[in-house]
Structures are given as C-alpha cells and as structure tokens.
Amino acid sequence: MEQPAAARIRVPATSANLGPAYDCAGLALSCWDSLDIAVTDGGLTVEVAGAGAGELPTDESHLVVRAFRAATAELGWTPAGLRLSARNTIPQGRGMGSSAAAVTAGVLAAWALCPDVAEVDAEAVLRLCSELEGHPDNVAPCLLGGATLSWTTPSGARAARLAVDPRIAPVLFVPATTLATHLARGLLPETVPHADAAHAAGRSALLVHALTRDPALLLEGTEDRLHQAQRAPAMPESAALLARLRADGHAAVVSGAGPCVLALAVLGPDEDAGALDAAVQVRALREATPAGWECRPLPVDPTGAVVTPLSGDHDAVSSGAPGTHP
Ligand SMILES: Nc1ncnc2c1ncn2[C@@H]1O[C@H](COP(=O)(O)OP(=O)(O)O)[C@@H](O)[C@H]1O
Ligand SMILES: N[C@@H](CCOP(=O)(O)O)C(=O)O
C-alpha cells in the first residue's frame, strides 16, 4: 500500500494541570494549528502563517521539523526533503500547549508519511511526544481530544480519556504577555511538604469526579498548592485575575504554565450541578476580563489530532486514537 506523499495535520490547543493535577491532567480546546507536510526530492522549506509568523524559525530548528526528525530517526527512515506549511491559531508561550501541538504534529506527520508504516501506533506516538515535550499532560489531550489523565511508566507515557460532563464550558483569558514553560518550571521547588502532596492527591481525585460527574464540585476540585502560587511572581496579573475569579465562585486555574487563565463555567439550568444561567456566567466572566486581555469561550475539542492524506491512494492514516477527516 502506497503512503501519501503529503498529509494535513490538525492539532488542538490544550490546557494542562486544571489546578491540582500538575503534569497529569489536560483538556483539548477548540483552537487549532493546521499543517501541510510533504516529502519532497530534497531540501527543507518551512512557511508559517498566523501565530508566530515572522518569529518562529523556518529552518531545522522549527519545533515541528525537530519532532518530525526525531520520529523519522526512530522509524529508521530518512526522507529526501521536506516541505512544511503551517497555519497557526494557537498563540505561543501562553499556556495553551502550542509546543505540545507542534511536537504532536511533527511526530504524527512522520508516522503518516513513512513508507514502511502501515498505520500510526498511538502508544509509540504518545511515548515519543511526551519524551520530546518533557511531560505528557498536553500531548495526551492533543492526541486523544477531550480531557485526559496521563502518567509515565518505565516503558513510557500512557494516557486515559475522561468523559467530560457536557455542561462544562471552558472560557480562556488570554493576555498579551508570554511566559516560556521552561522558565515557569524553573520556579518550582524541588520538594513539597507532605501536607501539600496529600492535598494535591485529594483534590486531583476530586477534580476527576467533578469533571466527569459533578461539576458543582469544580471550585474545590481545582484548588492547587503545587504550582500556581509558586509561579505567581512571574505572572502577577494572572495571579490577581485567578484570585478574583475564584473569590467570585468561578472554578478558575492557571492554564498550563501560564500566563493564560482558564475558567470552567458550568452551563445549563440544572441547579443541582451548581449551574448558573449560561448567559449570566459568560457575561460575568467577560466583565472580569482585565484590560489588554482577551476572553475566549473555547469549547472542549472532543476529537484531538486529525491526520488527512493529501495524496496517495488509500484512506486516512491515523493513530486510531486521533480522528481522521475525509
Ligand atoms: N506552532 C509552532 N511551531 C514551531 N514552534 C513552536 C510552535 N508552537 C510552539 N513552538 C515552540 O515552543 C515555544 C513555546 O513553548 P512553551 O514555552 O512550552 O509555551 P506553550 O505554553 O505555548 O506550549 C515557542 O517559543 C517555540 O519555540
Ligand atoms: N504541566 C506543565 C504544563 C505546561 O503547559 P504549557 O501549555 O504551558 O506548555 C507545567 O505546568 O509546567
């Protein structure tokens, strides 16, 4: 069976941690980068439109290219040349998982285009993406869609998908400023008190229950002691917004390593679920938006990464987990 010479890869933004579940929970959001990647006779061409245009490199150091090369090396394949055309809508350095999306796109492209591969191995892709990214909590929802739990074993990262309660509506607050994830990780202490570890374990377990069965518990289920306060000096506006939203009863968290803030609104008329009228909630959140920030309701992306062959004579290539588009 002939592999496609080119593929279109669509990868979603993700919000990691969701409060207490540091490095292990994440949510895919309806905001995507789309990349056309083609094998050519030689050389490397990189074009970037949208987020990062004119700023991201267009050579071998481009993150999608680096991830593609890492995957082709694992697959034992050396393509002659490569053409990459990216249309990005995920802002970089904001805590929306742009680097995980880039890594996922590059690794999936290698699997989709490699002539010796019949189908994408979802486990191998998750393992390599997590190694390249350094933690699995963004790449797991990027690949699988919805909300995921992810963890690392001696043989690599693994992930499980959660069925998110459909009343939960993510609303993202996006500042103009950026914070590199590696710098934010450097702000965290080597160790934490046992009481804080116990708090994180309890709240993370509660978070899963609240996300899947009882959204009324989201405010308590998103309480964090492991990273948000420790990183606050690097993003004081985010910390202030977070405190204000939580004091008003919104289940708000720092998105990933920040500086975006994510609020999990609970929509619908079901008072037992702690829901307010949808319009009231979204209006209240919009009114809380600081000057210079953008308030973006972003529904959960249930699908995750999508791979579409752009030529060749066989059906869409996918990991089996990521969806496919006709
Ligand atoms: N679409 C992309 N294409 C190429 N490189 C990217 C892309 N998105 C992110 N990156 C790289 O990752 C960096 C941002 O990663 P990171 O600090 O983890 O922020 P984020 O929270 O957005 O993932 C960028 O500065 C860039 O080097
Ligand atoms: N668990 C990580 C998540 C980083 O997410 P990003 O979207 O900021 O890359 C962390 O908190 O460092």
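Let me start with ligand 2, where an oxygen atom lies 2.7 Å from an N or O atom in the side chain of R185. I should say at once that this is a predicted model, and that every distance I quote is computed from it. The protein covers 99% of the 340 Å² of accessible area that ligand 2 has on its own, and the space taken by this ligand is the largest pocket.

Staying with ligand 2, the side chain of N17 also places an N or O atom 2.8 Å from an oxygen atom of the ligand, and in the side chain of T181 an N or O atom is found 3.0 Å from an oxygen atom of ligand 2. There are 15 residues around this ligand, and those that come nearest are N17, D23, D137, R185 and R231. If we sort that shell by character, we get four nonpolar, seven polar and four charged residues.

Now, which residues are the closest to ligand 1? They are G93, G95, S98, S99 and T181, out of 16 residues that surround the ligand. T181 therefore deserves a second mention, as the residues within 4 Å count as near, and here a polar side-chain atom of T181 lies 2.7 Å from an oxygen atom of ligand 1, while, as I said, the T181 side chain also has an N or O atom 3.0 Å from an oxygen atom of ligand 2. Two serines make polar approaches to ligand 1 as well: a polar side-chain atom of S98 lies 2.6 Å from an oxygen atom of the ligand, and for S99 the corresponding distance is 3.0 Å. Of the 560 Å² of accessible area that ligand 1 has on its own, the protein covers 80%.

What is the space taken by ligand 1? It is the largest pocket, and the space taken by ligand 2 was described in those words too. The shell around ligand 1 divides into five nonpolar, nine polar and two charged residues, and helix α2, residues 98-113, gives the most to that shell, with three residues.

Let me set this beside the annotation. An unreviewed UniProt entry carries a "binding site" that covers P91, Q92, G93, R94, G95, M96, G97, S98, S99, A100 and A101. From this set, the lining of the largest pocket takes in Q92, G93, R94, G95, M96, G97, S98 and S99. As for P91, that residue is found in the loop between β4, residues 81-88, and α2.

The unreviewed entry in UniProt also lists residues 63-146 as "domain: GHMP kinase N-terminal". Over that range the chain is 56% helix and 10% strand, and the C-alpha atoms at the two ends are 24 Å apart.

I will finish with two details of the backbone. Where in the chain is L18 found? L18 is in the loop between β1, residues 6-16, and β2, residues 25-40, and its phi is near 55 degrees, which is a positive value in a residue other than glycine. The other detail concerns G258 and P259, which are joined by a cis peptide bond with omega at about 5 degrees; P259 lies in the loop between β8, residues 251-254, and β9, residues 261-266.

Key: Residues are numbered from 1 along each chain as its sequence is written. Chains are lettered from A and ligands numbered from 1 in the order in which they are written. This is a predicted model: local features need pLDDT of at least 70, side-chain atom pairs count only at pLDDT 80 or more; totals for chains, interfaces and linings use all residues. Side-chain values use heavy atoms; hydrogens and water are left out. A polar contact is a pair of N or O atoms within 3.5 Å; within protein, one must be able to donate a hydrogen and the other to accept it, and residues adjacent in sequence count only if both atoms are side-chain atoms. Accessible areas come from the Shrake-Rupley method with a 1.4 Å probe; for residues, only the protein chains shown count as cover. On a 1 Å grid over the protein atoms alone, a cavity is a set of points where a 1.4 Å probe fits but cannot get out, and a pocket is an open set with protein on both sides within 12 Å along at least five of seven lines; lining residues have an atom within 4 Å of a point. A molecule sits in a cavity or pocket if more than half of its atoms lie within 2 Å of its grid points. Helices (H or I, at least four residues) and strands (E, at least two) are DSSP runs, numbered from the N terminus. Ala, Val, Leu, Ile, Met, Phe, Trp, Tyr, Cys and Pro count as nonpolar, Asp, Glu, Lys and Arg as charged, and the others, Gly among them, as polar. UniProt positions are given in the numbering used here, feature names are shortened, and annotations may be inferred rather than shown by experiment.
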